[in-house]
Amino acid sequence: MSDHSAAQPRSARALAGLCLAALGVVYGDIGTSPLYALKECFHAEHGIQPTPENVLGVLSLIFWSLSFVISYKYIGQVMRADNRGEGGILALLALVGGRTTRRHIGLVLLGLFGAALLYGDGVITPAISVLGALEGIEYATPVLRNFVVPLTTVILLLLFLFQKRGTAGVGFVFGPIMIVWFACISVFGVMGILREPGVLLALNPWYAVSFFIRDGVLGFLILGAVVLVITGGEALYADMGHFGPRPIRLAWFGLVWPALTLNYFGQGALLLHHPEAVSNPFYALVPRPLLYPMVVVATSAAIVASQALISGAFSLTQQAVQLGYSPRVTIVHTSEREKGQIYVPEVNRALMIACIWLVLAFKSSTSLAAAYGIAVTGTMAITTILFGVVAREQWHWPLPKVLGLCGLFLFVDLAFFSANLVKFWEGGWFPIAVAVAIYTLMTTWKRGRIRLTRIMEENSLPMDLFLHDVTKICAARVPGTAVFMTSHPGGAPPVLLHHVKHNKVLHEQVILMSVKTEEVPYVPEEEQIALSDLGQKFYEVVVRYGFMDSPDVPGVLRRLEAYGVTVRPMEATFYLGRETLIARPDERTGFAVPATKRRLPHLAMWRKRLFILMSRNAQTATAFFSLPPNRVVEMGAQIQF
């Protein structure tokens, strides 16, 4: 973690390439907001008519929201909080975690809920972006209205089916697509502004203030629609590790922010002359002959925005697995060069079903907009709190500075959040329901793993005691290498004890391997391996990975030759324990229980059953650790859980 920028590209050409790539990944979400944001501000349910005073007031709110929340809060401040270059709420969570005080445990739980909310955002963004783009067909030819939803469903289905091929082959076209998109919306925006230059008066923040004064409660509730213009703020932060802060900042100030401002003001200028265009001011701004080409460009940009959120969900899941908040899942690397390009089939299927269900259930971007803001603003508020903790505890900022800055951020975040709460029953319940479900799964898995780890530790044997008796209980040592996977270094794991008890034999060379995940994105190769010679050709190997790394046990074994231990992975035998968990109620009597029992965290019966279900459906350790399947021996045991 640092309070300064990460390493920057060494040449102008490399910097330009990263800026182009950032356009395609980072700015897809916020970049497609003009499709529906201003339209929603003047939707009939808000009761705000597109009068000149209201148009200027809303435009001023939009401009200053972009300026304060995106330019100042995220670009200027939050992106300074990186975990060795990585951003995002889980990276921020890793910075404030690691302690066991009640306060820090509360912060961790809060951060987990913020991460869970991001999944709700990841479900809604593809649906609302593609729907909003294709609604241009309905605007151009109303008789084709009934084709919008089926066509959106087909595009989303193809998008999710394409994920298994990876984005490496098409990633280079995302940036150019977004350049075309931002160029188009800039040109159309300038055309609108030239017809009514007076719209630039909205740059004055007084128009936003007077809008609140004049419209009161209605003016406050309009924030529930204005929030749509800043929905990509968390994506900026989460994708920082892929590009670094400098390319993201240059792309924002050099192209994205000016393009968005021009287009919103162009739409506003149009409404000053033609208030009836409020049904779809984005496409009303486009010259009639260019409507269908613009629908194609908008749909392409929406697909890019969707891809960014889908890839973000894959990355978030990988981090959750490595940090111990999710069971093992299938992680497929789709690029030999880029670590961040992964595909998670289980997450892909869940997102596909949820996105298509949303489109079929809500049927329009207007209906989906009601479900959008709660997830985004909730995550923003949690990010502000965690950022304040990092600024105080890691950077040692003075308390007045932390309270002043983060208090201001939180005031704005909670204003947007409160304005969106009124839309809870209109669709806002959906991302909350998704977040609660995912939060429950993550906390159940974490607590269940802690409980299971302590039970396994109690069933292990001190290694020195085992080595002292091994010659008595082991009839023979046979040629070869045995690798026993264990999550508890320092003791003889149950799978080793069972093997010796039942088979009465050991390989000539025995390796006890533990894989640990550190609360940093990546661990350098030279710091990953720690080897201890225990004597009698027993070796303990502890491998440390970051939460963005993927374990590769055979690769580690090949590297042991540099430490004086020769292992051929395709000739070794890998021993894994397969536990059959049996749920039983915790004993709650008035009698004292042994110390080991008191150390077990309490789990309700429903959580135990949920944990067991998740364990049964987790990816196998063989696949997760990249072990050769024909060299694996699994030994089962029943555990009273």
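1. Two strands are taken to pair if DSSP finds at least two bridges between them. The hairpin of β7 and β8 in this predicted model fits that description: 6 bridges join β7 (residues 529–535) to β8 (residues 538–545), and the two strands run antiparallel. Across the pair, S532 stands opposite E540 of β8.

2. The turn of this hairpin has 2 residues between the strands, and Q536 in the turn has a positive phi of about 55 degrees. K537 also lies in the loop between β7 and β8. Its phi is positive too, near 60 degrees, and K537 is not a glycine. For context, most residues other than glycine have a negative phi. With a relative accessible area of 41%, K537 is partly exposed, because partly exposed covers the range between under 20% and over 50%.

3. A further positive phi is found at S626, about 60 degrees, again in a residue that is not a glycine. S626 belongs to the loop between α25 (621–624) and β10 (632–640). Its relative accessible area is 36%, so S626 counts as partly exposed.

4. On the overall dimensions: the protein has 641 residues and a radius of gyration of 28 Å, which agrees with the value near 26 Å for a compact globule of that length. Along the principal axes, the C-alpha atoms fill a box of roughly 95 × 55 × 50 Å. The secondary structure comes to 25 helices and 10 strands.

5. On burial and contacts: 55% of the 641 residues are buried. Of the contacts with a separation of 6 or more, 84% are between residues 24 or more positions apart.

6. On the surface: the accessible area of the protein is about 26800 Å², and carbon and sulfur atoms account for 62% of it. The protein carries 51 positive and 41 negative charges, and the mean positions of the two sets are 5 Å apart.

7. Strand β4 (residues 476–485) takes part in two parallel pairings. With β6 (residues 505–517) it is joined by 8 bridges, and V478 of β4 has H507 as its bridge partner in β6. With β9 (residues 573–582) the parallel pairing extends over 3 bridges. There, the bridge partner of V483 is F574 in β9.

8. Helix α5 (residues 89–96) merits a separate point. Which of its residues are buried? They are I89, L90, A91, L92, L93, A94, L95 and V96. That is 8 of the 8 residues, so α5 is largely enclosed by the rest of the structure. The packing partners of these buried residues are α6 (102–140), α11 (233–238), α15 (291–322) and α17 (365–393).

9. Where does P327 sit? P327 is in the loop between α15 and β1 (332–333). Is P327 buried or exposed? Its relative accessibility is 14%, so P327 counts as buried, the cut-off being under 20%. Leaving out residues up to four places away in sequence, P327 touches V321, W445, M614 and A618. The C-alpha atoms of P327 and N617 are separated by 8.3 Å, although the two residues are 290 residues apart along the chain.

Conventions
Residues are numbered from 1 along each chain as its sequence is written. This is a predicted model: local features need pLDDT of at least 70, side-chain atom pairs count only at pLDDT 80 or more; totals for chains, interfaces and linings use all residues. Side-chain values use heavy atoms; hydrogens and water are left out. Helices (H or I, at least four residues) and strands (E, at least two) are DSSP runs, numbered from the N terminus. The radius of gyration is taken over C-alpha atoms; the globule rule is 2.2 Å times the number of residues to the power 0.38. Buried means under 20% relative accessible area, exposed over 50%, partly exposed in between (1.4 Å probe, protein chains only). Contact means heavy atoms within 4.5 Å. Accessible areas come from the Shrake-Rupley method with a 1.4 Å probe; for residues, only the protein chains shown count as cover. Lys and Arg count as positive and Asp and Glu as negative; His and the chain ends are not counted. The place of a charge is taken as NZ of Lys, CZ of Arg, CG of Asp or CD of Glu.
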